[in-house]
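Let's take a walk through a molecular model together. Have the picture open while you read.

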Amino acid sequence: MTRQHRGNLICWLALVALGLLEFGMSFAPLPHGLRPLLLVPAIVMAVLVALAYMRLLSGPELGRGFAIAGLFWLAILLGLSIMDPLTRAVYAVPPMPPPASK
Amino acid sequence: MSDEIAPHVHFQYADARHQSDTALAGMWLFLASEVLFFGGLIVAWMFCRHWQPDGFDAGARETVLWIGTINLILLVTSSFVYSTGVAFIEAGDVRRLVQCCLITACIGVLFLGLKFLEWYLDLSEHLFPAGPFKITGGEAGGARLFWSFYFVATGLHAVHMIVGIALVGWVAWQARHRTYSANWYTPVEAVGLYWSFVDIVWIVLYPVIYLVGRT
Amino acid sequence: MSQTMQAPVLPQQMTSYLTDGTSLRSWLLTTDHKRIAVLYMLSITAFFFLGGSAAALIRYNLLVPEGAIQSAETYNRLFTMHGVIMVWFFLVPAVPVTLGNFIVPLMLGARDLAFPKINLLSWYLFMIGGVCALYALFAGGVDTGWTFYAPLSSNYAQGHVVAVVAGIFISGFSTIATGLNFIITIHRLRAPGLTWYRLPVFIWSLYATSVIFVLATPVLAITLLLLTFERLFHVGVFDPRLGGDPLLFQHLFWFYSHPAVYIMILPGLGVVSEIVPVFSRKQLFGYKFVVWSSIAIAVIGFFVWGHHMFVSGQSLFASIAFSLLSFLVAVPSAIKVFNWLGTLHKGRIRFDAPMIYALGFIGLFTTGGLTGLFLAALAADVHLHDTYFVIAHFHYIMVGGMVSAYFAALHYWWPKISGRRYPEMIARASALLMFLGFNLTFFPQFILGYLGMPRRYHAYPPEFQVLNVLSSAGATILAAAYLMPLFYLTYSVFRGPRAPANPWAAIGLEWQTPSPPFTKNFAVTPIVTEGPYAYPDPGSDLADV
């Protein structure tokens, strides 16, 4: 088996292992705020796919630049937007019955 | 550059390598735009989860975990198979490339089949966010928000899958007509980038949909 | 000459792109970037006059305090139509798809863009989206404003919201494709010797614009999809009664729409950076500052969208952050203005029509930009938000700035595109008339806004009438100033004197080609050895450049 094929296979095994890991982790009792940590194995899987199957490092250099740009802008989108709900002052309103007609 | 590659090179490019690298760079740039597209959806998920934590999780608990997990394994495997196909054409083996493409497409179709089954199960449980809804009471609002996110996200992902399957099928068809060789197989790589990206979207959507809310 | 071309070896056929195939099919199925640019030019001209007609009706309505057109409903549909058409079907495409498509490969010494077929697809997507939106707007329209705020647009608005939104959604893909094409072309198809720092500023500006095209537009796409879902199913994503957050819509919408205003202005900034050196016969002052300012505007422009939401209920912490970042984004724009002034200083200035438009741009853009700082200040914005001050601010930049720049670019490159010269004196008169008409239309609006007249109201208190009448009078002059080029430029295509390859004696690869260029642009790929603005120092003899 060539080096390329071996690399692909090892990556596949790692991906399946990570998938099962996050599946298992989801049964652990984590508080609501920490549940998004379950995304960490998923991000590792995404990076593995990008490196191994999408050949991020051996492909055109410009491709790497665009990938990093996409992630940077995603971080801006997610980070700056969540800043508002996290810091909003919420004034309690008595609960309303759901509207009668829909 | 040998003549056999010359027909593929368009007039505005210096040589085949120039064109090939350009095509792949173009696909990466397109994928960057797709990252922002799905990113907007994640913003909606974050906001809804923040404002309706109980209802949102109540909705998330109704997802069909086994289908989601099997689909994750399927897609990850399909990326592996397609990538193997690229490795084969790099070595000049067209026959194996065609086989890998067909297997990839079949896995994609299987994914969609399971997806449609899952939607059928969701709909028959009254989990579509409009109309009569399975969850009632105080958590209904948040649950409806979760299921709105669910249908939009999985719907958009399915559309991308359909496009991906069509592209993989096209690559297989081109390969059978002897278009590719060890010297030139750029469309194979470009489609592979797209397919792996659609895989990555599911890799991220899987915990977001099936795991995070499942307390 | 600072940029040289090897001795051309003439191929068998050297026909101008305009005559290389005269059938309708050869135009509608072309992949030649120059023909696609012309197709776009015709389309956006039509949209410009449609959007302008809506504006004319708006200004007509505002002549009397009770509103000359009786119903508020009609007025709302008019300003929505004006906004939607002008933003998405004129300003966002304007310079990039017309002058950009035409000039970018020429400036790079390339024979076409990287992906010519995708370029053609772009035009078709634009047309389909445009027809979709126009159908909706004429079939009864939409009254939400171009900003489509939820829950008005998702729950209460009557009208063809989904159809308009679909049209905008489709045209969004057109712009993503164009941006992708430009970025890849600029990276990969530069002529030998054309290093990044030898690129014309126009290229840098279009690169910055394209970054925004590619990265911001997808967020608009998902926003419009969610809006459509909400409108169809009323699940409450944006509805507070059902647990949703209306600010979610605003965050997602403005994440695109604020960078969109930089999409609209960056090409204009690039055009002015091209024209000022040529008509001052002087090096562009501070080239590196100018080009990196374009990039800075594109990047920082993504961090400021919350300044549209200061009074919407956004957290105070977020508002402070966005306010600070908005002050920051003004800096690169100011740097550009100072660099233009530095270029003009001690130059040999010629007041041709493109230069008049460009000089007008500098003043009007600066005014608009400075008033943006008023709006970026939290306390001032509380008073000024949703008043005519905001309208005047963005019209100074969009119309005083960008439309002037579009006309400047059109006149500057007209000889190259059409192979004809336009009548110069009429053009200069038009440019001056536009400057006058524009200021008469929009300066009173600053005062109206300061005095408290709200925007998007079909009627107003009687004490505002004088200023409104002045504004409407200005609009009439402005309309005339826009119609004149339509006539004399069209006339010049058929009857104008033929233009030489380089009528302005400018430096740049596009001026090395004949007017109009051959289909394949260059017979031999040029080799570049110097920068793009290497005009001889003023004071030295002006030999034929």
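To follow the confidence scores, you need one term: pLDDT is the predictor's confidence in each residue, on a scale from 0 to 100. With that in hand, look at the tail of chain C, where pLDDT stays under 50 over residues 541–545. That stretch has two contacts beyond four places in sequence. And yes, this is a predicted model, so keep the scores in mind throughout.

**How sure is the predictor?**

For the complex as a whole, the predictor gives an ipTM of 0.92 and a pTM of 0.93. Chain C averages a pLDDT of 92, with 96% of its residues scoring at least 70. The start of chain C is another story: over residues 1–10 the pLDDT is below 50, and this stretch has 22 contacts in the model beyond near neighbours in sequence. Which elements of chain C have the lowest and the highest mean pLDDT? Strand β1 (residues 3–4) has the lowest, at 46, while helix α15 has the highest, at 97.

Chain B has a mean pLDDT of 91, and 95% of its residues reach 70 or more. Here too there is a weak spot, since the pLDDT is below 50 over residues 1–6 of chain B. In the model, that stretch has seven contacts beyond near neighbours in sequence.

**Chain B, the helical one**

How many helices and strands does chain B have? The count is six helices and zero strands, so reading from the N terminus you get α-α-α-α-α-α. The C-alpha trace of chain B spans about 70 × 30 × 25 Å along its principal axes. Of its 215 residues, 55% count as buried. Now take the contacts in chain B with a separation of 6 or more: 77% of them are between residues 24 or more positions apart.

Two residues in the loops of chain B deserve a stop. B:His126 is in the loop between α4 (94–124) and α5 (140–176), and it has a positive phi of about 60° although it is not a glycine. Is B:His126 buried or exposed? It counts as partly exposed, because it has 14 C-beta neighbours inside 10 Å. B:Arg178 sits in the loop between α5 and α6 of chain B. Its phi is also positive, near 60°, and again the residue is not a glycine. B:Arg178 has 8 C-beta neighbours inside 10 Å, so it counts as exposed.

**Where the chains meet**

Chain B and chain A touch through 39 residues from chain B and 38 residues from chain A. On the chain B side, α1 (16–51), α3 (65–90) and α6 (186–211) each supply at least two residues. The largest share, 16 residues, comes from α1(B). By type, the chain B side divides into 27 nonpolar, nine polar and three charged residues.

Chain A also meets chain C: 14 residues of chain A are in contact with 15 residues of chain C. The chain A side of that contact has nine nonpolar, two polar and three charged residues.

**Helix pairs in chain C**

Two packed helices are described by the angle between their axes and the distance between the axes. Here are two pairs from chain C.

| Helix pair | Angle | Axis distance |
|---|---|---|
| α15(C) (424–451) and α16(C) (465–495) | roughly 155° | within 8 Å |
| α8(C) (201–233) and α9(C) (246–280) | about 160° | 8 Å |

Angles over 145 degrees count as roughly antiparallel. That makes α15(C) roughly antiparallel to α16(C), and α8(C) and α9(C) are therefore roughly antiparallel to each other. α15(C) passes α16(C) in a left-handed crossing, and the residues of their contact are 21 nonpolar, six polar and no charged. α8(C) passes α9(C) in a left-handed crossing as well, with 24 nonpolar, six polar and one charged residue in the contact.

**Loops of chain C**

Where is C:Gln283? Look in the loop between α9 and α10 (287–300) of chain C. C:Gln283 is buried, because 20 other C-beta atoms lie within 10 Å. Leaving out residues up to four places away in sequence, C:Gln283 touches C:Pro277, C:Tyr533, C:Ala534 and C:Tyr535. C:Gln283 and C:Tyr533 are 250 residues apart along the chain, yet their C-alpha atoms are separated by 5.0 Å.

Finally, look for two cis peptide bonds. One joins C:Ala150 and C:Pro151, with omega about 0°, and C:Pro151 is in the loop between α5 (116–138) and α6 (152–156) of chain C. Another runs from C:Ser515 to C:Pro516, with omega near -10°. C:Pro516 lies in the loop between α16 and β2 (527–528) of chain C.

Methods:
Residues numbered from 1 in each chain as written. Chains lettered and ligands numbered in written order. Predicted model: local features only at pLDDT ≥ 70, side-chain atom pairs only at ≥ 80, totals over all residues. Nonpolar A, V, L, I, M, F, W, Y, C, P; charged D, E, K, R; others polar. Axes fitted to C-alpha atoms, helices over the stretch in contact; angles between N-to-C directions. Helix = DSSP H or I, 4+ residues; strand = E, 2+ residues; numbered from the N terminus. Parallel < 35°, antiparallel > 145°, perpendicular 65-115°, else oblique. Left-handed = near helix turned anticlockwise from the far one by under 90°. Buried ≥ 20, exposed ≤ 12 C-beta atoms within 10 Å, placed from the backbone.
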